[in-house]
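Me: Could you take a close look at the pockets of this protein for me? I would like to know what lines them and where those residues come from.

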Amino acid sequence: MSDTQKNRSTVDIYGQQYTIVGIESTSHIRLIASMVDDKMREIGSANPSLDTSKLAVLTAVNAVNDYIKMKDRMEALEAEIKRLKD
C-alpha cells in the first residue's frame, strides 16, 4: 500500500462522466478535465462530422503536440540559462 494519498474526482468531459483517481489535488484534476473538455469542444465545433473516438484522438494529438513544443521551449531556455551562467 502506498503512503501517497489518492484523490478521486468525478468529472464531465464532452458529456461523459469519468472518475479520475490520482495524487493531484481535486481542483487540479478538475482543471485538467475542464481543459480537455474545452479542447474537445473546440475541435468538435470545427469538425462536426467527427465521431467521439476520432475527436478524442485528435484532442490527444493536439495535447501531445503542445506538450512537445513546451518541452522543447523549456529545454532551449534551460540551455540559454546555462550558457549565460557559464
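Reply: Happy to; here is a walk through the two pockets, one after the other. Please keep in mind that this is a predicted model.

Let us start with the largest pocket, which holds about 240 Å³ of space. Its lining is made up of Ile32, Met35, Val36, Lys39, Thr59, Ala63, Asp66, Tyr67 and Met70. Two elements give two or more residues each to this lining: helix H1, spanning 26-46, and helix H2, spanning 52-85. H2 provides the largest share, with five residues. As for chemical class, six of the lining residues are nonpolar, one is polar and two are charged. Lys39 and Asp66 are the charged ones, and Thr59 is the polar one.

Now for the second largest pocket, with a volume of about 160 Å³. Around this pocket you will find Ile13, Tyr14, Gln16, Tyr18, Val36, Met40, Thr52, Ala56, Thr59, Ala60 and Ala63. Here strand S2 (16-22) joins H1 and H2 as an element supplying at least two lining residues. H2 again has the largest share, five residues. The class make-up is eight nonpolar and three polar residues, with no charged ones. The polar three are Gln16, Thr52 and Thr59.

It is worth setting the two linings side by side. Val36, Thr59 and Ala63 appear in both of them. Charged residues, in contrast, belong to the lining of the largest pocket and are absent from that of the second largest.

Key
Residues are numbered from 1 along each chain as its sequence is written. This is a predicted model: local features need pLDDT of at least 70, side-chain atom pairs count only at pLDDT 80 or more; totals for chains, interfaces and linings use all residues. Side-chain values use heavy atoms; hydrogens and water are left out. On a 1 Å grid over the protein atoms alone, a cavity is a set of points where a 1.4 Å probe fits but cannot get out, and a pocket is an open set with protein on both sides within 12 Å along at least five of seven lines; lining residues have an atom within 4 Å of a point. Grid points are joined across faces, edges and corners, and a volume is the space filled by probe spheres set on the points. Helices (H or I, at least four residues) and strands (E, at least two) are DSSP runs, numbered from the N terminus.
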